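Trainee: Could you take me on a close look at one part of this protein, the largest pocket, and tell me what surrounds it? I'm new to this, so please go step by step.

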Amino acid sequence: MTLTHQDIVELTAWRRKLHRHPEISNEEEMTAKEVVSFLADSKPDRVLTGLGGHGVAAIYDSGEAGPTVMFRSELDALPINELSGVAHSSLVPGKSHMCGHDGHTAILAALGRQFGRQRPRRGRVVLMFQPAEETGDGAAGVVADPRFGDIAPDLAFSLHNLPGVPLGEVRLKAGVVNCASRGMRILLEGKTAHSSMPETGTSPMQAVSRLMPALPGLGRASFNDDDFRMVTVTHASMGEAVFGVAPGHAEVWATLRTRRDDNMADLCAAAEALAKEIAADQKLSCGFDYHEIFVASVNAPEAVAQLRRALDDEGVRHNEEALPMRASEDFGLFGKSARSAMFFLGAGERHPALHNPDYDFPDDLIPIGARVFMRTARNLLG
């Protein structure tokens, strides 16, 4: 089954509507309602809302025994002011779809239209519109929801558009495709003092200045090595914005990144030990917390084989170039309980990069992504 010309026109218009009304992670209430409304004509056999926050799952059930196959997209936008200049630019200041999740959502909606016309012959399809991918909260929230157990997939698939790759070409490989990462916040506490008598206090200034180069120094190996580790300092603050007080408090934020999940604990331990040592040397107390935790995304060979078969059936060019990626993606969490795989769909070699303020999802990718997913589903479920 294929999309009609009218389908593509309507899906493109709807994608642009989503683009004009972005909602950032954990705020996707209206976007979720849009999804439910758009899919209503396809008459899903069951619709779950409020999954992991504002997630939506639409289930198309054959009524016959067979596997559950899930296709996942993301609902959230980014806290970025759009500068693309397109006619459908964001109407919300400081928020925009600069990662293409609006386009990924339209691709899943295209599947809904087609399954509304013809259910799979066996098993069932779950279209998972997941919230909060950008912060890493979404997949964790969905998996933790008790209702997810009723629709837990045997196989799970996702895609992400990828600028820098020729339009419509695919990048796909088995094994690690996205790194594990987490945000680490280091809290340093001393004692404030009058700025004319800094010796009467305990300033975190020296500790911050030492941590800045020392944290990235924990990096190890090249990116092509499974032992790859990387630390990027992303933010630092110290004291108050005044001239009369020597600081007594500081924070240093860093992103820790590894190719393998089992190396992340070691990297966290090394970063904590380093911070404690520097803090103790400066007579400071030291604390930590972690945010935006992403596990590595690892493509299962069996799921990759299904995608490769679909790509070949549909005549879509594909190879393994540019993989794995340093960037993180919370789809990896679904791979803990299902055979899962994500592929990367080229957005054009000169297309603005993801998270850039001039980015916009290429609408020509909607029918391509839908064809690949639909072929995958039909090959598995008939």
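Mentor: Happy to! The largest pocket holds about 840 Å³ of space, and please keep in mind that we are looking at a predicted model. How can anyone find a space like that? Rolling a probe the size of a water molecule over the atoms shows where empty space is left.

Now look at the walls. The lining is made up of 33 residues, and those closest to the centre of the pocket are Glu-134, Glu-292, Phe-294, Ser-328 and His-355. Sorted by character, the lining residues are 14 nonpolar, 12 polar and seven charged. Several strands give two or more residues to this lining: strand 5 (155–162), strand 8 (180–189), strand 12 (249–258), strand 13 (285–294) and strand 16 (339–346). Strand 8 gives the most, with five residues.

Two of those names, strand 5 and strand 16, lead us on to a sheet. Strands of a sheet pair through backbone hydrogen bonds, either parallel or antiparallel. Here, strand 5 and strand 16 pair in the parallel sense over eight bridges. You can find one spot on your screen where Leu-155 stands opposite Arg-339 of strand 16. Both strands belong to an open sheet of eight strands with mixed pairing, and its order runs 1-2-4-3-5-16-6-15. At the edges are strand 1 (46–51) and strand 15 (318–319), each of which pairs on one side only.

Next, the nonpolar core. The largest one has 56 residues, and the members that touch the most others are Phe-71, Leu-127, Phe-129, Phe-157, Phe-343 and Phe-373. Helix 9 (residues 365–381) supplies the largest share of this core, 10 residues. Try clicking on Phe-373: apart from neighbours within four places in sequence, its contacts are Phe-71, Ile-107, Leu-108, Leu-111, Phe-157, Ser-158, Leu-159 and Phe-343. There is also a second, separate core of 23 residues, with Ile-186, Val-231, Val-252 and Ala-275 among them.

One last stop is Phe-223, in the loop between helix 6 (205–214) and strand 10 (229–238). Is Phe-223 buried or exposed? Phe-223 counts as buried because its relative accessibility is 16%, and buried means under 20%. Leaving out residues up to four places away in sequence, Phe-223 touches Cys-179, Phe-228, Arg-259, Pro-324, Met-325 and Arg-326. Compare that with Glu-189, which lies 34 residues from Phe-223 in sequence and 35 Å from it in space, C-alpha to C-alpha.

Definitions and conventions: Residues numbered from 1 in each chain as written. Predicted model: local features only at pLDDT ≥ 70, side-chain atom pairs only at ≥ 80, totals over all residues. Heavy atoms only, no water. Core = buried A, V, L, I, M, F, W, Y, C linked by side-chain atoms within 4.5 Å. Buried < 20%, exposed > 50% of the residue type's maximum accessible area, 1.4 Å probe, protein only. Helix = DSSP H or I, 4+ residues; strand = E, 2+ residues; numbered from the N terminus. Contact = heavy atoms within 4.5 Å. 1 Å grid on protein atoms, 1.4 Å probe; cavity = no way out; pocket = protein on both sides within 12 Å on 5 of 7 lines; lining within 4 Å. Points joined across faces, edges and corners; volume = space filled by probe spheres on them. Nonpolar A, V, L, I, M, F, W, Y, C, P; charged D, E, K, R; others polar. Pairing = 2+ DSSP bridges.
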